[in-house]
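Got the viewer open? Let's take a walk through this one, a selection at a time.

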Amino acid sequence: DEGKNYVSTEMCDVLESLSFLSVEGKPSPLESTVLSNTEEQQVYEPLKVFLRVRPFSIEELESHESQSCVTIEDAQTVILNAPKESSAMKNSERGIGHAVHSFTFSQVFGPETTQSEFFEGSMKDIVRGYVNGVNGLVFTYGVTNAGKTFTIQGTSKDLGILPRSLDVIFNHIRGRHYPKMNFKPYLSNDVKKLEDEQVKQEEALKTAILASLKEEAESISNTVTNFCDAKLDSSSCTSDNHPSNSLEKNLVPPDIQRTNMHQRTQASVWISFCEIYNEYVYDLLNILSTSKTQRRRVLRICEDQGGNFYIKDLKWINVQSPEEACRLLKIGNKNRSFACTRMNEQSSRSHSIFSIRLLKLTDEHQPRVLGVSELSFCDLAGSERCNKTHVFGDRLKEAGNINNSLHILGKCIAALKQNQNPKMKPSYIPFRESKLTRLFQPFFCGKGKACMIVNINQHTSTYDETLHVMKFSAIAKQVIQKILPKNFGCFPPKLVGGDGRPIMHFDANTSLDDFADNTETSAEEEVDITILSHEELLKAAEDLKEKVVAERQSKLLLEVKIRKEMAEAMFRQLLETEEAWSNRLEDMKDSYEEKLESKFEMYKEAIKKHAYMCAMEQIEDHYVPIEEFLAEQEKVEDRERKILQLERQLDEQSGRLLALGSLSLDIPATENNVEQGLTDSTMKRANEGLKKQCEEKEELIKSLKFKIQKLNEALLEANEGYRKMAEENSQLKHTIMLKDQEMDSLQNWAKRVLELEETVSSLQRELEERKKHFYAEESKQQKPRRGLLANLKSTVASTANIPLGKGWGKNEEASPFSGKLLPHKTKE
Ligand SMILES: Nc1ncnc2c1ncn2[C@@H]1O[C@H](COP(=O)(O)OP(=O)(O)OP(=O)(O)O)[C@@H](O)[C@H]1O
């Protein structure tokens with residue numbers, strides 16, 4: 001199945017034959033066809049894992065180290081035999097694991113392999129891909145003293161893969177080397193065009209860095225010359241005068257070399273060298289002052305828009321020859337050891353990364369950038385584990401960090417392996433969990449080609465660690481890499497000016513937005529305190545204390561401010577709540593008052609009615625019929641009229657008497673006396689009658705007033721009664737409300753109970769069905785049984801008229817056989 005993913009070997013060859021440095025900005029017709037389909041651009045191939053077994057040193061041979069641990073079976077296979085004292089052997093004796101393990105690799109290089117053989121056998125693809133524009137990563141993995149640094153850097157007499165690769169690269173670009181420094185690598189894959197002033201700064205920086213190793217410059221150039229001389233002597237050399245040419249010829253296909261001669265492209269080579277120590281990144285090309293108080297600057301890992309990580313502010317130095325590059329390597333090593341000496345550590349305690357960036361430019365008056373490719377060599381720290389090394393303090397911290405980053409590398413590789421299996425659930429690849437894996441990420445995500453070199457020694461004392469390394473590499477070997485072969489075709493570099501702003505667009509799709517500020521993964525400046533002296537640490541502690549105090553104060557102020565704001569907010573909320581409640585209270589009061597008033601009116605009416613009824617009852621006792629009253633009234637009126645008439649008559653009579661006064665005094669006087677006597681007596685009677693009636697009426701009025709007073713008192717009493725009733729009424733309402741709430745909750749519970757009952761009944765039904773199904777299955781299975789037990793069971797079942805399965809499952813006590821049969825069934 002994996003084979004389906006691979007583009008055929010021919011396709012790989014075609015892709016690789018498209019030289020990164022041989023085209024003039026436009027893809028060749030062949031390239032166009034290859035790149036027209038995105039699927040076709042991708043090449044899938046397994047991660048190359050090479051094993052290199054270190055030879056025993058003279059001392060080791062003299063101390064009679066056991067030589068039976070590692071056996072090279074063939075060019076791909078190696079066998080590990082656990083020595084007696086190893087944990088692997090002890091475990092295998094206890095039945096855990098095996099004492100012998102076989103591992104396969106892309107290629108196994110035995111102890112007798114020379115540096116040159118190893119380079120040719122392992123680096124061909126990577127360097128060829130690199131000069132063709134494919135990014136490359138080579139990392140060495142193994143325990144301390146296994147030969148990792150020897151493999152990458154080598155010695156001055158026996159150069160490792162790094163100086164050899166440099167030599168091949170420079171030979172490849174010979175005659176087309178871009179002499180200026182005005183195009184510089186920028187961010188992860190971009191190029192910055194420098195102003196003249198910046199170019200001068202670059203040159204000054206380079207001179208300063210190289211000057212720091214001036215005294216050793218001679219020996220470096222000797223080293224490279226030695227290497228060339230060595231190559232001249234080697235059997236692999238051809239008659240070519242330049243030894244490196246022969247090496248290049250072996251690596252770069254002849255057709256590419258031919259093509260290159262006629263192409264007008266140029267290349268600019270830039271170098272960086274850094275280390276990751278205790279999860280801090282340091283630039284090894286920084287000029288370190290001799291002052292012990294100077295701290296090394298910690299660099300940050302940032303992420304560009306494409307999600308690629310790069311080291312911010314890492315120095316990239318332009319090199320014009322492999323000698324210069326080797327000098328920078330030496331300076332980096334010196335800086336590393338200088339820092340290490342100050343920290344009293346060994347070189348293997350950090351991961352070092354040496355990178356070479358190749359910028360492809362057009363050969364014009366004003367060159368354009370065609371592509372960027374990067375080749376990185378990573379010398380990983382020794383992979384031994386803390387428990388084995390018995391370390392404490394700083395060493396334990398180092399070991400922890402190393403183990404952690406290697407562990408995360410292992411996790412990433414395991415996740416990559418798992419993700420390429422379509423049957424398995426894709427898992428998260430924890431690239432971001434360590435600085436090392438962050439920097440490795442692009443190489444495992446199609447943006448480069450990685451290759452792993454596993455270094456082992458044959459020591460019995462480190463057998464368990466070596467076995468661990470081998471197991472790790474066995475997983476790594478199964479990882480399939482997806483490679484997008486044309487770096488500049490897939491990830492076109494952006495060109496920015498000295499100020500970091502874009503100055504040229506390489507294609508129509510590139511916009512200014514693409515140059516937005518990159519995201520930094522860590523916000524704070526990191527400082528590695530492990531490199532400080534006691535006094536410095538005390539000072540740093542004091543500074544930190546002050547910072548803590550200041551921080552606490554600011555936090556306190558902030559807290560006070562927040563609390564104040566919260567209190568204000570709460571107060572506002574309380575006021576609002578209070579207002580809302582008072583409004584509600586007012587509304588309630590109004591509504592109750594309305595209700596009370598209406599009730600009060602009702603009761604008033606009722607009381608009025610009642611009072612009227614009572615009054616009517618009382619009035620009945622003194623009832624005077626209206627007709628009688630009217631008749632009496634008429635009588636009174638009649639009498640009043642009569643009185644008036646009599647008074648008028650009296651007036652007339654008196655007038656007449658006055659007129660007759662003079663005529664006859666005697667007679668009229670007598671007549672007058674008689675008439676007056678008559679009138680007086682009549683009036684007296686009438687007055688008496690009237691007085692009597694008036695007295696009677698007054699008495700009636702009095703009694704009526706008294707009744708009204710009584711009625712008023714009754715009304716007051718009724719009011720009081722009404723008030724009490726209203727109070728009772730509100731209490732009753734409150735009680736009813738509480739009861740309603742209880743009722744609601746009871747109803748909810750009842751609903752829940754009903755639901756649960758339904759669930760239980762459905763589960764019971766399901767259980768019943770399953771039981772039936774199970775019994776049916778069981779009886780089917782039992783049918784073909786022939787034998788005493790089967791007959792016995794069927795007999796018992798038929799006799800007891802109980803299904804056999806049920807008898808076992810439910811009626812164990814009822815069946816005499818059940819006790820014996822049940823355990824048998826459970827076993828089945
Ligand atoms: N293939 C080899 N042939 C000869 N000598 C070797 C070989 N490999 C390693 N050595 C020697 O073994 C010693 C340890 O090698 P080296 O320093 O490269 O180990 P290392 O794995 O890088 O250790 P560390 O992790 O501590 O840096 C060195 O003296 C080196 O010269």
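**Start at strand β10**

Type in S268 and look across to the neighbouring strand β16: the residue standing opposite is L359. Before going on, keep in mind that this is a predicted model.

Now widen the selection to β10 and to β16, residues 351-362; the two strands pair in the antiparallel sense over 12 bridges. A word on what holds such pairs together: strands of a sheet pair through backbone hydrogen bonds, either parallel or antiparallel.

Next, add β15, residues 317-319. This strand runs antiparallel to β10 and is joined to it by 3 bridges. To see where they meet, click I271 in β10 and find I317 opposite in β15.

Then pick β11, residues 280-283, which pairs with β10 in the antiparallel sense over 4 bridges. I276 has V281 of β11 as its bridge partner. The hairpin of β10 and β11 has 2 residues between the strands, and N278 there takes a positive phi near 50 degrees.

**How covered is β10?**

Which residues of β10 are buried on each side? Colour one face first: T265, A267, V269, I271, F273, E275 and Y277 are buried. On the other face, Q266, S268, W270, S272, C274 and I276 are buried too. In a regular strand the side chains alternate between the two faces of the sheet. With 13 of its 13 residues buried, β10 is largely enclosed by the rest of the structure.

**Into the core**

Select L51, I169, C274, L328, M452 and V454 together. These are the residues with the most contacts inside the largest nonpolar core, which has 110 residues. Strand β10, residues 265-277, gives the most to this core, with 8 residues.

Zoom in on C274. Which residues does C274 touch, leaving aside neighbours within four places in sequence? Show V281, Y282, D283, L284, L299, I311, L314 and I353: C274 is in contact with each of them.

**A three-strand sheet and the helix across it**

Move on to the open sheet of 3 strands, with the order β3-β4-β5 and antiparallel pairing. At the edges, β3 (70-72) and β5 (100-104) each pair on one side only. Neighbouring strands here are turned by 20 degrees against each other on average, direction ignored. Highlight β4, residues 77-81, and you'll find 5 bridges joining it to antiparallel β5. Within that pair, L80 stands opposite H101 in β5.

Now bring in helix α19, residues 463-477. This helix lies across β4 and β5, running at about 40 degrees to β5. Try a distance check on its ends: at 1.5 Å a residue, the 15 residues of α19 should span 21 Å, and the end C-alpha atoms are 21 Å apart, which agrees.

Since 11 of its 15 residues are buried, α19 is largely enclosed by the rest of the structure. Among the buried ones to pick out are Y463, L467, M470, F472 and A476.

**One more helix**

Jump to α8, residues 124-131, where 6 of the 8 residues are buried. Those are I126, V127, R128, G129, Y130 and V131. Just past the end of α8, click G133, which takes a positive phi of about 105 degrees.

**Zoom back out**

Finally, show the whole chain, with its 26 helices and 22 strands. Buried residues make up 29% of the 828 residues. Of the contacts with a separation of 6 or more, 72% are between residues 24 or more positions apart.

How values were computed: Residues numbered from 1 in each chain as written. Predicted model: local features only at pLDDT ≥ 70, side-chain atom pairs only at ≥ 80, totals over all residues. Core = buried A, V, L, I, M, F, W, Y, C linked by C-beta atoms within 7 Å. Buried ≥ 20, exposed ≤ 12 C-beta atoms within 10 Å, placed from the backbone. Contact = placed C-beta atoms within 7 Å. Pairing = 2+ DSSP bridges. Axes fitted to C-alpha atoms, helices over the stretch in contact; angles between N-to-C directions. Expected span 1.5 Å × (residues − 1).
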